[in-house]
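Good morning, and thank you for the time on today's agenda. I would like to take you through one structure, part by part, and I ask that you keep it in view while I speak.

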Amino acid sequence: METKDKITGYAAGIAAGVTYGMNPLFGKPLLEGGMQVSSMLFFRYLFSMAIVAVWILCTGGSLKVTWREFKSLLILGVMYCGSSITLFESYNYIPSGLATTIVYLYPVFVALIMVFLKQYPTLRVWISIAVTLVGVILLCMPSGHVELSFAGIALAALSAFSYSIYVVLVNNDSSVSEVSPRVLTFWSLAVGVVAFLCITTAGGDSLVDGIHGWRSWADLAGLALFPTTIAVLTIAISTRLIGPTKTAVLGVFEPLTAILIGIAAFAEPLTPVMVAGIILCLSAILFMVTERR
């Protein structure tokens, strides 16, 4: 592999982690401004879906899928949008950096799901799971400066679990094995657009409630562009150039970015115990995903 390709691959992997970690930067002001999570995600998915559709069509691709593929894509879309809505709901209860760090534990959930499917992880993976659990306990320990909510922690964990199911199905469902990542992403977003539209209208809320001028629209555009579209694109580039394992390792920039944003933009506290927990969690995941097997 040429040096230029390696540099591009690593840069893309870092960009993917950083951009996905920008969720709270754009999402939290919208929530604090009174916007409903479902309507915020509706616009995020709608804008991103449009960007992905234009990208596919302009490069000569097609959005068509078979009925068999669509049924599987529907399930994937439900898992994908479920992960999003539970993550943003958790922001109402716990600091955004902590929520995103808990969500980053999804590789652990993937390993446990694979055990259920009778594909057993190695001892190295089990050690990683044990260390990660210790890290989560440290992260969730209350202190005099941080008020933690069981509801917030549960929502963030549910977000990670939903995304884990999504990841497992993408790699194990034969009916979508021939669907390109871009088309799979488009239909996952499309399911979310319909779901969030129904959730918002069923609750009697207006889609534009909580939108206050250009700043709100800019935040919505930022959500669609950075932690959605750019993250998807750079993950695809990084995986192709340096492989999925190294790309996953570079995903540690996701929670780190979210934590730094929480501290810098929202004055969220960072205690020494939380730092120790974060280090343990990220170290355990790095230990797991770099295993040759």
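Leu250 is found in helix α11, which covers residues 244-250. Please bear in mind throughout that this is a predicted model. With a relative accessibility of 11%, Leu250 counts as buried, because the limit for that term is under 20%. Which residues does Leu250 touch, not counting those up to four places away in sequence? They are Tyr10, Gly13, Ile14, Gly17 and Ile242. Leu112, by contrast, is separated from Leu250 by 22 Å between C-alpha atoms, with their positions 138 residues apart along the chain.

I turn next to helix α1, residues 3-20, where Ala16 is found. Ala16 has a relative accessible area of 5% and is buried. Leaving aside neighbours within four places in sequence, Ala16 is in contact with Ala231, Thr234 and Ile235. Thr229 is 213 residues from Ala16 along the chain, and the C-alpha atoms of these two are separated by 9.8 Å.

Pro24 lies in helix α2. Its relative accessible area is 0%, and Pro24 is therefore buried. Between the C-alpha atoms of Pro24 and Ala157 the separation is 17 Å, and along the chain these residues are 133 apart.

Let me now move to the interior. The largest nonpolar core has 46 residues, and the members that touch the most others are Met40, Leu41, Tyr45 and Phe88. Seven helices each supply at least two residues of this core: α2 (23-32), α3 (37-58), α4 (67-90), α5 (96-103), α8 (150-172), α9 (181-202) and α10 (213-242). Which helix gives the largest share of this core? That is α3, with ten residues.

Tyr45 deserves a moment of its own. Setting aside neighbours within four places in sequence, Tyr45 is in contact with Tyr80, Cys81, Ser84, Ser188, Leu189, Gly192, Val193 and Phe196. Apart from the largest core lies another, of nine residues, including Val252, Ile259, Cys281 and Leu282.

One of the contacts of Tyr45 is Ser84, whose place is in helix α4. Is Ser84 buried or exposed? At 8% relative accessibility, Ser84 counts as buried. Beyond residues up to four places away in sequence, Ser84 touches Leu41 and Tyr45.

Cys81 is another contact of Tyr45, and that brings me to the cysteines. A disulfide is a covalent bond between the sulfur atoms of two cysteines. How many disulfides are counted here? The count comes to zero. For Cys81, the closest cysteine sulfur is in Cys198, 11 Å away, which is too far for a bond because the sulfur atoms would have to be within 2.5 Å. Cys81 is buried, at 8% relative accessibility. Cys58, on the other hand, has a relative accessibility of 66% and counts as exposed.

The next topic is charge. A search of the whole structure finds one salt bridge. It joins Arg215 with Asp219, whose closest N and O atoms are 3.4 Å apart. Both residues lie in helix α10, four residues apart, about one turn of the helix. Arg215 is partly exposed, with a relative accessible area of 45%, whereas Asp219, at 5% relative accessibility, counts as buried.

On the surface, there is a nonpolar patch formed by Leu112, Leu123, Trp126, Ile127 and Phe287. Together these residues have about 470 Å² of accessible area. Which helix gives the most to the nonpolar patch? Helix α7, residues 123-139, does so with three residues. Ile127 is found in this helix, and at 40% relative accessibility Ile127 counts as partly exposed.

My final stop is Tyr106, whose place is in helix α6, residues 106-116. Leaving aside neighbours within four places in sequence, Tyr106 is in contact with Ala160, Tyr163 and Ser164. Tyr106 and Ile165 are 59 residues apart in sequence, and from C-alpha to C-alpha they are 9.2 Å apart in space.

To close, I would ask you to keep two items in mind: the core of 46 residues, with its ten residues from α3, and the salt bridge between Arg215 and Asp219. Thank you for your attention.

Definitions and conventions. Residues numbered from 1 in each chain as written. Predicted model: local features only at pLDDT ≥ 70, side-chain atom pairs only at ≥ 80, totals over all residues. Heavy atoms only, no water. Core = buried A, V, L, I, M, F, W, Y, C linked by side-chain atoms within 4.5 Å. Buried < 20%, exposed > 50% of the residue type's maximum accessible area, 1.4 Å probe, protein only. Contact = heavy atoms within 4.5 Å. Patch = residues over 30% accessible without salt bridge, like charges linked within 9 Å, V, L, I, M, F, W, Y side chains within 5 Å. Areas by Shrake-Rupley, 256 points an atom, 1.4 Å probe, with all protein chains shown as cover. Salt bridge = Lys/Arg side-chain N within 4 Å of Asp/Glu carboxyl O.
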